[in-house]
Amino acid sequence: MKIIILGAGQVGGTLAEHLAHEENDITVVDTDGERLRELHNRLDIRTVSGPASYPMILRQAGCEDADMLIAVTNSDEVNMIACQVAHTLFRTPSKIARVRATAYLTRKGLFAHDAVPIDVLISPEQVVTDHIRRLIEYPGALQVLEFAGGQAQLVAVKAFYGGPLVGQELGFLRRHMPNVDTRVAAIYRRNRPIIPRGDTVIEADDEVFFIAARRDIRAVMSELRKLDRDFRRVVIAGGGHIGERLAENLEHSHQVKIIEHSLERCTTLSERLDRTVVLHGSATSKRLLLEENIEDCDIFCALTNDDEVNIMSSMLAKRMGAKKVLTLINNAAYVDLVQGGEIDIAISPQQATIGSLLTHVRRGDIVNVHSLRRGAAEAIEAIAHGDSRSSKVVGRAIEDIDLPNGTTIGAIVRGKEVLIAHDDVVVESGDHVILFVIDKRRIRDVERLFQVGLTFF
């Protein structure tokens, strides 16, 4: 595909990296020449320097014959105008834009073919808020991903010493839990992926990705680690868009406090939120954390715009007795450094956003893409179409499907039913197939599996 990415920031740069490795023709546009040079030297891509919404710049970037435009500059207005220009002057078939401001997002009919012609809107704050909310819903999980409208979930947990499954073969799981159907999709041991088989033994500290119907998730988690009690008391450091949305989501079911350093923003938050306690001060203030009884807090979420403040406030809160800490980190290089020590969960907003962007770039009928382990692997939800003559998957049992190396099928969602992928399960047309891809170079092969042959037409 010929794809133009507007904005060479962290999301644009990470996306270019993902897509360039998959044999796409990528052009990145930005006003920051130094950042463009750095990307050009590292990746096999074209770069164009200039304002992303100018018709001349878009023409220079090849908008006349581009398949897709992805506008992820820091300005909502530039992203919107660029999509309008691409539509009006160049008839670009597919336009994706990142729009942050709720003032735009809440206006009905604004984003339509005959208004602002954006085909797919990405709101990073909403994506990250949903991601954090699911982690709070399942204490102890490192990542929780939803498929088929939430009917099936893929959950990553760290196996702990003393867990019933640690030291056991995976085959033991089915015998031990005969009423719960689940499948371990992948295991990461000392940062290396292992394709799980029936005789694979789970070790303490393994990062285990398993898939199950939503109702069975807690039961499976309890086999791998002792279940943490439900989070009730939540402290949020940072009252920006993500902090506010998270408080809004949680305040009717949890006790929520927000710490915000801007007095003006505190006033706004206290007017908008119903039950959340809004505190004016610094999240790195030991005195403030002591006064607010941080030792009684079930989870401390550091969600400011400053990585250093997030890391330091999280470490301080943990040392002062907070049960769990969750930290938002923009600099991807920091994420692996801090997670697993005093910081329980580190979240990269770029990786959360990249998944929702990749969903729309994949070929075949791909309805969901989730980036796993900071982009090292992907979970893909694809819909099977056609019949046994035109499709490489429909009408075949899972054991007979020629899957690329490093790829496993975790589950199939058929209507309202979640079928865990055992070898004898036969794929039908219309099934949502959930795959786990450890080797990113195989993504193209996975897409081809779900493309329908000409005989279907």
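Buried, bridged and paired

Q: Why does Arg189 count as buried?
A: Its relative accessibility is 16%. Buried means under 20%, so Arg189 gets that label. Keep in mind that this is a predicted model.

Q: What makes the contact between Arg189 and Glu203 a salt bridge?
A: The N to O distance between these two side chains is 3.5 Å. A salt bridge needs a side-chain nitrogen of Lys or Arg within 4 Å of a carboxyl oxygen of Asp or Glu, so this pair passes. Arg189 is in strand S9, while Glu203 is in the loop between strands S10 and S11, 14 residues apart, and the pair links distant parts of the chain.

Q: And what about Glu203, why is that residue called partly exposed?
A: Glu203 has 33% relative accessibility. Under 20% would be buried and over 50% would be exposed, so Glu203 lands in between.

Q: How do you know that Arg218 and Asp230 form a salt bridge?
A: Their side chains meet at 3.4 Å, N to O, and the cut-off is within 4 Å, so they count. Arg218 sits in helix H8 and Asp230 in the loop between H8 and strand S12, so the pair ties together parts that are 12 residues apart in sequence.

Q: What makes Glu291 and Arg287 a salt bridge inside one helix?
A: Their closest N and O atoms are 2.8 Å apart, and the limit is within 4 Å, so the label fits. Both residues lie in helix H11, 4 residues apart, which is about one turn of the helix.

Q: Which labels do Glu291 and Arg287 get for exposure, and why?
A: Arg287 has a relative accessible area of 56%, and exposed means over 50%, so Arg287 is exposed. Glu291 comes in at 47%, so it is partly exposed.

Q: How many salt bridges are there in the whole structure?
A: There are 26 of them. Some join up: Asp130, Arg133, Glu137, Glu146 and Arg214 are linked in a network of salt bridges.

Q: What makes strand S19 count as largely enclosed?
A: In S19, 7 of the 7 residues are buried, so the rest of the structure largely encloses this strand. Check the two faces: Ala377, Ala379, Glu381 and Ile383 are buried on one side, and Glu378, Ile380 and Ala382 are buried on the other.

Q: How do you know that S19 pairs with strand S18?
A: The two are joined over 6 bridges in the antiparallel sense, and pairing takes at least two, so they qualify. One of the matches is Ser371 with Glu378. S19 is also joined to S22 by 6 antiparallel bridges, with Ala379 partnered by Phe436.

Q: What makes S20 and S21 a pair of strands?
A: There are 4 bridges between them, and at least two are needed, so they pair. Ile412 stands opposite Leu419 in S21. The two strands form a hairpin with 2 residues between them, and Gly415 in the turn has a positive phi of about 65°.

Q: Why is Asp400 called exposed?
A: Asp400 has 53% relative accessibility, and the bar is over 50%, so it counts as exposed. You'll find this residue in the loop between S19 and S20. Asp400 joins Glu399, Asp423 and Asp424 in a negative surface patch.

Notes:
Residues numbered from 1 in each chain as written. Predicted model: local features only at pLDDT ≥ 70, side-chain atom pairs only at ≥ 80, totals over all residues. Heavy atoms only, no water. Buried < 20%, exposed > 50% of the residue type's maximum accessible area, 1.4 Å probe, protein only. Patch = residues over 30% accessible without salt bridge, like charges linked within 9 Å, V, L, I, M, F, W, Y side chains within 5 Å. Areas by Shrake-Rupley, 256 points an atom, 1.4 Å probe, with all protein chains shown as cover. Lys, Arg positive; Asp, Glu negative; His and termini not counted. Charge placed at Lys NZ, Arg CZ, Asp CG, Glu CD.
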